[in-house]
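Thanks for coming, everyone. Let me put the model up, and then we will walk through it piece by piece.

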Amino acid sequence: MSLSLKVGGSSPLVVSVDRSARSLRKALFHVVLVCFASTLPAAASAAQRVPLLPVPSGTHSVGTRYFFFVDSSRPDPTGRKGFGGRAIPVQMWYPAAAGADGPRAPYISRAAMLDAIVRQRYYGVDSTLLADWAGIVTHSRVRATVLPGKHPLVTLSAGLGVATANYTAIAEDLASHGYIVAGIDHPYEGVAVLPGDIIVTADDDTANSSDDAAVQRHQISSWATDISFVLDRLQHSRVDSGESSVAHAIDWSRVGAFGHSSGGLIAVQACEHDARLRACVNLDGGPADPQNNPIADFVNEGLRRPTLFLLEQPIYSDSDLARRHMTRAQFESGRGNFAALVDSLKRRARAPFYLGRIAGTGHFSFSDAPFVMPTTITRFGGRIIDGRRGLRIITVVLRTFFQQNFAMGDGARVTDLSTQFGELTFQVPSAGR
């Protein structure tokens, strides 16, 4: 007979084996030696290559569950009819009961999604590094029992074209401190997988490439409505529904929203129109110059909920800027345009508005990029903050801001954190009207 083994992704290794027990033992021993010798360097190299996510800093274990909601009152924006409406996948992270067990969740929940990410050369990241994401194991236990009691809820919206999984470190850290986090895959806003391994991305909706400000405002508004729909579904979940065990642990007096890049604009927009959201955070999202057809309604209408913009602050030398094909004057001009926008927001604000910056961060510092795709931050050089240090600042700022507006915690205010973190600066907040 023959024994066929596949070694390290190569062609099968075929060993002929006599039927005698002695020959069989010798042949198997030979195969084991060959396999061990062939795979040891590759296995060691792969193990060293697979990124590791930081351990959550809170005291609670973390659980996670996946849900698939359909808003039958709104059609799929591209005309897809297979799901009977607007399909919205949701991943929830939450504090788990003591002694929580069960398998730890993979970083990318479906192989089809990882395949799609690799094929599209996601944000220019090397395909080998992207393929290594298959080996990342998170710190969340799948379907772990929820920690008894009521917990604050914050929604999470990804940046345009970004997978919600790329915010796992932030979500897990918040959950370890007692928060329930609902990561919402807005239709055609990020990268999502639907039942049947159907992959949908931002590129699938041509409206996302439109330069028309009215079209962009419609997109932001539609995605913000997704947040309200998910809140409705969770708030009115049946006792026997799949999401009930998590939904019934939500404290509905303490609900907020945050997001990154375009997801930050979505979070703020939702805050303006859904009274259940008491506060919101925009992580490095820019809603355009107020004189240049702003793409978010709140720019002209004025902020009506406590809002924090937490922004990047790259530290570039002139040679770093040259790699971006920018002069120092062009770089400072961009900052000046954003300063004008901030001034406009502060003048119109009807609620406290805060602006913070973290020195040494780039746009993707507000995600898992420092750990799973660092080249998205370092490609233009500059002095970059240590990834774990940046994550700590971001998550402490988020928790403090939400605690401040949820009337929980020790009364600490987010602007006081600049004394704890030298990289963090705040402009004097507007008091609102």
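Let me start with a question: are Phe309 and Phe353 buried or exposed? Both are buried. Keep in mind that this is a predicted model. We will come back to those two rings.

The sheet, then. It is an open sheet of 11 strands, and the pairing is mixed. The order runs β5-β6-β3-β4-β8-β7-β11-β12-β13-β14-β15. At the edges sit β5, residues 104-106, and β15, residues 424-426. Each of those edge strands pairs on one side only. From one strand to the next, the twist averages 30°.

Look at the β5 edge. β5 and β6 run antiparallel, joined by two bridges. Strand β6 covers residues 137-142. There, Arg104 stands opposite Arg141 of β6.

Now the helices on the sheet. Helix α10 packs on it, touching β13 (307-313) and β14 (353-359). The direction of α10 makes about 155° with that of β14. Helix α13, residues 387-405, also packs on the sheet. The strands α13 touches are β7, β11, β12, β13, β14 and β15. Against β12, its direction makes about 160°.

Let us stay with β12. How many of its five residues are buried? Five of the five are, and the strand is mostly covered. In a regular strand, side chains alternate between the two faces of the sheet. In β12, Ala279, Val281 and Leu283 lie on one side, with Cys280 and Asn282 on the other. Those residues are all buried, and both faces of the strand are covered.

What joins β12 to β11? Five bridges do, and these two strands run parallel. One pair to find is Ala257 with its bridge partner Cys280 in β12. Between the two strands, the chain crosses through helix α7, residues 262-273. That β-α-β crossover is right-handed. To β13, strand β12 has four bridges, again in parallel. There, Leu283 has Leu310 of β13 as its bridge partner.

Just before β12, stop at Leu277, which sits in the loop between α7 and β12. Why does this loop residue count as buried? Because its relative accessible area is 0%, and buried means under 20%. What is Leu277 in contact with, leaving aside its neighbours within four places in sequence? The list is Ile227, Leu231, Val255, Gly256, Ala257, Ala270, Cys271 and Arg305. Note that Ala257 is the residue we just met as the partner of Cys280. Leu277 also lies 8.6 Å from Val154, C-alpha to C-alpha, though 123 residues separate them in sequence.

On to the aromatics. The count comes to 11 aromatic pairs. Tyr122 and Tyr123 form one that is edge-to-face, at 5.0 Å centre to centre and 85° between the planes. Tyr122 counts as buried, at 0% relative accessibility. Tyr123 counts as partly exposed, at 29%. Back to our opening rings: Phe309 and Phe353 are edge-to-face too, with 5.2 Å between centres and 85° between planes. This pair links distant parts of the chain, from strand β13 to strand β14, 44 residues apart. There is also an aromatic cluster, made of Tyr107, Tyr122, Tyr123, Trp133 and Phe364.

Last topic: charges. How many salt bridges does the structure hold? It holds 13. In one, the side chains of Asp71 and Arg74 meet at 2.8 Å, N to O. Asp71 is buried at 7% relative accessible area, and Arg74 counts as buried at 15%. Another joins Arg276 and Asp274, also at 2.8 Å, N to O. Both of those residues are buried.

A third salt bridge puts Arg328 and Asp318 together, with the closest N and O atoms 3.1 Å apart. Arg328 is in helix α10 and Asp318 in helix α9, 10 residues apart. How does their accessibility look? Arg328 counts as partly exposed at 32%, while Asp318 is exposed at 53%. Finally, shared partners join Asp71, Arg74, Arg86 and Asp226 into one salt-bridge network.

That is the tour.

How values were computed
Residues numbered from 1 in each chain as written. Predicted model: local features only at pLDDT ≥ 70, side-chain atom pairs only at ≥ 80, totals over all residues. Heavy atoms only, no water. Salt bridge = Lys/Arg side-chain N within 4 Å of Asp/Glu carboxyl O. Buried < 20%, exposed > 50% of the residue type's maximum accessible area, 1.4 Å probe, protein only. Pairing = 2+ DSSP bridges. Axes fitted to C-alpha atoms, helices over the stretch in contact; angles between N-to-C directions. Contact = heavy atoms within 4.5 Å. Right-handed = clockwise from strand over helix to strand, strands pointing away. Phe/Tyr/Trp six-rings, centres within 6.5 Å; stacked < 30°, edge-to-face > 60°.
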